[in-house]
Amino acid sequence: LDFTKLVMPRKAQKKDESSEEEEFQDVESEESEPEPSDDSDEDFESTKKKRKSPKAPKKPVKKSPKASKKSSKKKKDSSEDESDAEEEESSEEEHSYVNDLSEDQRDELRSMTVKQMADRLKANSQVSTGTKAVVQERLADCILHGGFPRCTSCGIGRLKRSDKGDDYFCPGGFDDDKAVRCKWRGKNITREAWEVESGKLI
């Protein structure tokens, strides 16, 4: 017997069986591959939407109440400083000649009526009209510095102090019931001597 003839077909048969088994395994592996799930598609779509979604607008930053309180305090402090400065300026502008008199003269002046003060001004040929405060201040000024002379420009009006107090001007006057205007203004004038009533300080 020839054993080669008997062995060869068996080997070929084994090869055929092994090839069939490999093909069968390939088919099973193909069938066992998982299909893409719907969840992965949903996740992909959601990520797309997140990327495309517009950014929310930034909210305006609110100032803290502490900062507003500090600014209000600064404003109050500045307004108080301004008011104090205004009071100082007004006090400087509202200089009182009554306070420059001696204590005895102040007491006598404050005890006088408006008519008595006006009579003293008339006795020295000074303007005597005005409120009590105006007449009192004018009389104190005349006692300290002398009477106001007549204007050398028009010869009619009595000179007056300006509001600032550092110069004089002529208000004009009347000449035979005719108003005379004068624009004279100056600083250096000679005040008239003040005549005091006998037995009094004013």
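Two strands pair if DSSP finds at least two bridges between them. Helices (H or I, at least four residues) and strands (E, at least two) are DSSP runs, numbered from the N terminus. The model here is predicted: local features need pLDDT of at least 70 and side-chain atom pairs pLDDT 80 or more, while totals for chains, interfaces and linings use all residues. Residues are numbered from 1 along each chain as its sequence is written, and side-chain values use heavy atoms, leaving out hydrogens and water.

**Exercise 1. Trace the strands that pair with β2.**

Solution.
- Start with the inventory: the protein chain has six helices and five strands. Reading from the N terminus, the elements run α-α-α-α-α-α-β-β-β-β-β.
- Now find strand β2, residues 168-169: two bridges join β2 to β5, and the two run antiparallel. Y168 has G186 of β5 as its bridge partner.
- Widen the view: three strands make an open sheet in the order β1-β2-β5, with antiparallel pairing. β1 (160-161) and β5 (185-186) are at the edges with a single partner strand each, so one side of each has no neighbour in the sheet.

**Exercise 2. Work out which side of α5 is covered.**

Solution.
- List the buried residues (under 20% relative accessible area with a 1.4 Å probe, protein chains only; exposed means over 50%, partly exposed in between). In α5 they are M117, A118, R120 and L121.
- Check their directions, taken from the helix axis to the C-beta atoms. These residues lie on the same side of α5, because they cover an arc of only 155 degrees around the axis.
- Recall the geometry: an α-helix has 3.6 residues a turn, so residues three or four places apart point the same way.
- Turn to the other side of α5, where K115 and K122 are exposed.
- Look for the cover: α4 (103-111) and α6 are included in what covers the buried residues of α5.
- Finish just after α5, where S125 takes a positive phi of about 60 degrees.

**Exercise 3. Find the residues at the heart of the contacts in the largest nonpolar core.**

Solution.
- Define the set: a nonpolar core consists of buried Ala, Val, Leu, Ile, Met, Phe, Trp, Tyr and Cys residues joined through side-chain atoms within 4.5 Å.
- Of the 16 residues in the largest such core, L109 and L139 touch the most other members.
- Ask who contributes: α5 (114-123) and α6 (132-145) each supply at least two residues of this core, and α6 gives the most, with five.
- Follow L109, counting contacts as heavy atoms within 4.5 Å. Leaving out residues up to four places away in sequence, L109 touches V98, L101, M117, Q136, L139, A140 and I202.
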